[in-house]
Amino acid sequence: MKSIIYAILFGVAASVIIGCSDIDGGNSSFPEGTGGFNLRLPETEKEVDIPVIYTKAGEIAFDLQAETFPISISEGGNVVKKFESFTALIDSGTPVVLPVGRYTVKASSFIPTDKVSEKPYFEGSSDFVIEESVVSNTSVLCTFKSVGVELRLSKRFEELLSEEPANYDYKVTVSNEQATWSFDKKSMKPGYFIEGCSRLIVKVVVKMNGQTYPERTWYFKNGEETPQIGEYYIITLDAGRSEVKMSSHKL
């Protein structure tokens, strides 16, 4: 019942490349015991927005701007530098000077504060080494790190809502047992859970022929598997004149 996102997001970079070089166009000297760090965006075709993610069928695309991704640099699990965006990192001056050591750079589409969001969450990290008086050039590959949930209405139900708006209505809530996302006439935006779950719990209240029916509950999994980060679920609501059904759609 789910559509897995097959293609990866070419986010902050198309691949992980760690190398060493002199400082580009600047003084190659560093304070004793330090080196430099550059994080670069990839080169892509001009007509392709960065980053973009597609399903195998190419029906879902997220248009995000890698320049806005928050960046953090940590050593041994402790954050030593952070930037509110990739642009802020560049504006601070590059290369970034760091003491000799082993580090991890992390990029994400935003910093999660809630367990569900109207924005898809992408994240990636890369390890790199700072050597004395050397610049390390590093890239990060960000991938889809959400459980996406989208509600679609059947053609039959859409027609009834259009023809008899006073007699037909609906509200659908989807829960991963940690957070809830709601759909109704006013808001059909997909929701993105930050964590996987044992099952998706879908509660539906429908008004048909002017009568509001008691709440009904459905449970969805990926076959026998639990919903995992990196999956995208499309749920279809089909409510006729006397029945309501929930079904799945696989891209």
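This report walks through the fold, cores, open spaces and backbone details of one predicted protein model.

**Overall make-up**

The protein has 251 residues, of which 45% are buried. Its secondary structure comprises two helices and 20 strands. If you take the contacts between residues at least 6 apart in sequence, 65% of them join residues at least 24 apart. One example of two residues that are distant in sequence is the pair Phe30 and Val97: they are 67 residues apart along the chain, while their C-alpha atoms are 7.8 Å apart in space. Phe30 sits in the loop between β2 (19-21) and β3 (34-39). With a relative accessible area of 13%, Phe30 counts as buried, because the cut-off for that class is under 20%.

**A five-stranded open sheet**

Let us turn to the strands. An open sheet is built from five of them, in the order β5-β4-β7-β9-β11, with antiparallel pairing. β5 and β11 (143-144) are the edge strands; each has a single partner strand, so one side of each has no neighbour in the sheet.

Moving inward, β4 (residues 71-75) and β7 (residues 101-108) are antiparallel and share four bridges. Here Ser74 has Thr104 of β7 as its bridge partner. On to the next pairing: β7 and β9 (residues 122-130) also run antiparallel, joined by eight bridges. In that pairing, Lys106 is bridged to Ser125 of β9.

**Two nonpolar cores**

Which residues have the most contacts inside the largest nonpolar core? They are Phe157, Tyr170, Val172, Val174, Phe193, Val206 and Leu237, in a core of 29 residues. Two or more residues of this core come from each of β12 (147-153), α2 (155-163), β13 (169-175), β14 (180-184), β16 (200-208), β18 (216-220) and β19 (231-239). β16 gives the largest share, five residues.

Tyr170 is a good residue to select in your viewer. Leaving out residues up to four places away in sequence, Tyr170 touches Leu151, Leu153, Phe157, Leu161, Phe183, Asp184, Lys185, Met188, Val205, Val206 and Leu237.

Apart from the largest core lies another one, with 24 residues that include Ile73, Leu89, Tyr103 and Cys142.

**Pocket and cavity**

The model has both an open pocket and an enclosed cavity to look at. The largest pocket holds about 230 Å³ of space. Its lining has 14 residues, and those closest to the pocket centre are Pro70, Ile71, Ser72, Ser108 and Ile111. Three strands, β4, β5 (78-83) and β7, each bring at least two residues to this lining; these strands also belong to the five-stranded sheet. By class, the pocket lining has nine nonpolar, two polar and three charged residues.

How many cavities of 30 Å³ or more does the structure hold? There is one, and the largest cavity has a volume of about 30 Å³. Its lining is made of Val204, Val206, Tyr213, Pro214, Arg216, Trp218 and Val244. β16 and β18 each contribute at least two of the cavity-lining residues. Six residues of the lining are nonpolar, none is polar and one is charged. Val206 is a link between two parts of this report: it lines the largest cavity and is listed with the residues that have the most contacts inside the largest core.

**Backbone details**

Most residues other than glycine have a negative phi, and most peptide bonds are trans. Against that background, a few places in this model deserve a look. Thr94 and Pro95 are joined by a cis peptide bond, with omega about 0°. Pro95 lies in the loop between α1 (86-91) and β6 (96-99).

Two residues with positive phi are set out below.

| Residue | Phi | Loop | Relative accessible area |
|---|---|---|---|
| Ser133 | about 65° | between β9 and β10 (135-138) | 36% |
| Glu177 | near 75° | between β13 and β14 | 44% |

Are these two residues buried or exposed? Ser133 is partly exposed at 36%, and Glu177 is partly exposed at 44%, because that class covers values between the 20% and 50% limits.

Key:
Residues numbered from 1 in each chain as written. Predicted model: local features only at pLDDT ≥ 70, side-chain atom pairs only at ≥ 80, totals over all residues. Heavy atoms only, no water. Pairing = 2+ DSSP bridges. 1 Å grid on protein atoms, 1.4 Å probe; cavity = no way out; pocket = protein on both sides within 12 Å on 5 of 7 lines; lining within 4 Å. Points joined across faces, edges and corners; volume = space filled by probe spheres on them. Nonpolar A, V, L, I, M, F, W, Y, C, P; charged D, E, K, R; others polar. Buried < 20%, exposed > 50% of the residue type's maximum accessible area, 1.4 Å probe, protein only. Core = buried A, V, L, I, M, F, W, Y, C linked by side-chain atoms within 4.5 Å. Contact = heavy atoms within 4.5 Å.
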